[in-house]
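Biologist: Before accepting any label placed on this structure, I should like to hear the reasoning behind it. Please set each value against its criterion.

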Amino acid sequence: MDYNEKLDAAIARLHDEGRYRTFIDIERRNGQFPHAVWTKPDGSQQDITVWCGNDYLGMGQNPVVIEAMEEALRATGAGSGGTRNISGTTVYHKQLEAELADLHGKEAALLFTSAYIANDATLSTLPKLFPGLIIYSDALNHASMIEGVRRNGGAKRIFRHNDVAHLRELMEADDPAAPKLIAFESIYSMDGDFGPIEEICDLADEFGALTYIDEVHAVGMYGPRGAGVAERDRLMHRLDIINGTLAKAYGVMGGYIAASAKMCDAIRSYAPGFIFTTSLPPAVAAGAAASVAYLKRAPELREKHQQQAKALKLRLKGLGLPIIDHGSHIVPVMVGNPVHTKLLSDMLLEDHGIYVQPINFPTVPRGTERLRFTPSPVHGPKEMDALVRGMDVLWSHCALNCAEAAG
């Protein structure tokens, strides 16, 4: 076999479909978020504004977070030195897990190197703990949840997105005595819609099922202390396992689950994704703990975040753009064609200094390609005015520009 030929063909397919992913080389400027410097392929540089970052609240530049990381770095050095079981557990990791357990009102929390690993490791391990477990998974769950459910070796059922009636049908068809778990999200990041948490909890109670919620795009941003949508809706006590990230609103890195002490102990003891992975550097854990503690008492950042999202949606709707608005902070502008989406992204970057990455298949279904904007408290009036002007100019000429460029 000519392996290089196969690689060339696989990459060519992505180019032909208009969904080859290009990494933009940027350097974020501490103290100047959301501004950054883009290093172009020719080596020249251009000042840009980042409109697609997941550092939703700008905590990656918060002095409290940076100071905590610097202190831990000076005290402990760069890396953790091993897995959590072999020299990789420090006071910083334990402090962070305590902050997270307190955040969600749970007995314990378990730290992972990312929320992807937390989802994958936990969902793939649960059938080992509950033989015969049936997992009911929302059709639009994140890839990490899908992967964890897919490779766990247990039974799975996929229910139509946010369709509680379909979920009920599936659960009624299964053995009442079989252990069950419902896996879903609080906010689905591509459309920005909310999961029906209370209705799913009611169904779980009725059928004796565990509940597993991914709050990745909600932690830090919703609820009185930033614990997520479940906290906002006063439903945290009804959820058995809560997954969250430290790499978005908290501005650092890492993922976790919060649950009962027994559940965390069992996952800790059986999940290969936890057992065999080098733990987060102590400085990262220290920064994340400082960020979680800070946002517990910073509702004003959450309020401003929501105001910014509402303002941007209102202004883009005023231009007649096809916005999906489910009331969350996610602002998707639907384009519906991968080539056009990439061209719009390129023109925004090159002509207006605005960076928003195109979202194509397989992240979203074919025909639903989009630009996904993430407004934040650090995007001021000047940045928003520039974005709206840029979108107005480009959208008005989109059909012509895209047709010419694609031709």
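The exchange below takes up burial, packing and salt bridges in turn.

Biologist: What kind of model is this, and what pLDDT do local features need?

Modeller: The model is predicted, and local features need pLDDT of at least 70.

Biologist: Why is Ala-204 called buried?

Modeller: Buried means under 20% relative accessible area. Ala-204 has 2% relative accessibility, so it counts as buried. The residue lies in helix α7, residues 197-207. Leaving aside neighbours within four places in sequence, Ala-204 is in contact with Ile-182, Ala-209 and Thr-211.

Biologist: How far is Ala-204 from Gly-43, in sequence and in space?

Modeller: Ala-204 and Gly-43 are 161 residues apart in sequence, and their C-alpha atoms are 56 Å apart.

Biologist: How do you know whether Thr-122 is buried or exposed?

Modeller: At 0% relative accessibility, Thr-122 falls under the 20% limit and therefore counts as buried. Thr-122 is found in helix α4. Beyond residues up to four places away in sequence, Thr-122 touches Phe-112, Ile-117, Tyr-212, Ile-241, Ile-257 and Ile-267.

Biologist: What makes the buried residues of helix α5 line one face?

Modeller: In α5, which spans residues 143-150, Ser-144, Met-145, Gly-148 and Val-149 are buried. Seen down the helix axis, the buried residues of α5 fall within an arc of 130°, so they line one face. An α-helix has 3.6 residues a turn, so residues three or four places apart point the same way. The cover over the buried residues of α5 includes α4 (115-129), β5 (134-138), β6 (155-159), β7 (180-185) and β10.

Biologist: Why is Asp-214 said to have no salt bridge?

Modeller: A salt bridge requires a side-chain nitrogen of Lys or Arg within 4 Å of a carboxyl oxygen of Asp or Glu. For Asp-214, the nearest side chain of opposite charge is Lys-248, at 7.9 Å, so the criterion is not met. Asp-214 is nevertheless buried.

Biologist: Where is Asp-214, and what does its side chain reach?

Modeller: Asp-214 is in strand β10, residues 210-214. Its side chain reaches the backbone nitrogen of Val-216 at 2.9 Å. Not counting residues up to four places away in sequence, Asp-214 touches Asn-119, Met-145, Phe-184, Glu-185, Ser-186 and Asn-243.

Biologist: Which residues of the largest nonpolar core touch the most other members?

Modeller: In this core of 60 residues, they are Leu-96, Ile-182, Ile-197 and Leu-246. Helix α11 (residues 282-295) contributes the largest share of the core, 8 residues. A second, separate core has 27 residues, including Val-50, Trp-51, Leu-316 and Val-331. In soluble globular proteins, nonpolar side chains tend to be buried together.

Biologist: What does Leu-246 touch?

Modeller: Not counting residues up to four places away in sequence, the contacts of Leu-246 include Leu-96, Leu-100, Leu-111, Tyr-256, Ala-288 and Val-292.

Biologist: What makes Arg-29 and Asp-47 a salt bridge?

Modeller: Their closest N and O atoms are 3.0 Å apart, within the 4 Å limit, so the pair qualifies. Arg-29 lies in the loop between β1 (26-28) and β2 (35-39) and Asp-47 in strand β3 (residues 45-50), so the pair ties together parts 18 residues apart in sequence.

Biologist: Why are Arg-29 and Asp-47 given separate exposure labels?

Modeller: Exposed means over 50% relative accessible area, and partly exposed covers the range between 20% and that value. Asp-47, at 52%, is therefore exposed. Arg-29, at 29%, therefore counts as partly exposed.

Biologist: How do you know that Asp-102 and Arg-225 form a salt bridge?

Modeller: The closest N and O atoms of Asp-102 and Arg-225 are 2.9 Å apart, and the limit is 4 Å, so they form one. The pair links distant parts of the chain: Asp-102 is in helix α3 (residues 91-104) and Arg-225 in the loop between β10 and α8 (229-232), 123 residues apart. Asp-102 and Arg-225 also belong to a network of salt bridges with Glu-99 and Lys-296.

Biologist: What makes Asp-202 and Arg-238 a further case?

Modeller: Their closest N and O atoms are 2.8 Å apart, within 4 Å, so the pair is a salt bridge. Asp-202 lies in helix α7 and Arg-238 in the loop between α8 and β11 (241-245), so the bridge ties together parts 36 residues apart in sequence. By this rule, the count comes to 23 salt bridges.

Note on methods:
Residues numbered from 1 in each chain as written. Predicted model: local features only at pLDDT ≥ 70, side-chain atom pairs only at ≥ 80, totals over all residues. Heavy atoms only, no water. Helix = DSSP H or I, 4+ residues; strand = E, 2+ residues; numbered from the N terminus. Buried < 20%, exposed > 50% of the residue type's maximum accessible area, 1.4 Å probe, protein only. Lys, Arg positive; Asp, Glu negative; His and termini not counted. Polar contact = N/O pair within 3.5 Å; in protein donor to acceptor, adjacent residues only side chain to side chain. Contact = heavy atoms within 4.5 Å. Core = buried A, V, L, I, M, F, W, Y, C linked by side-chain atoms within 4.5 Å. Arc of directions from axis to C-beta.
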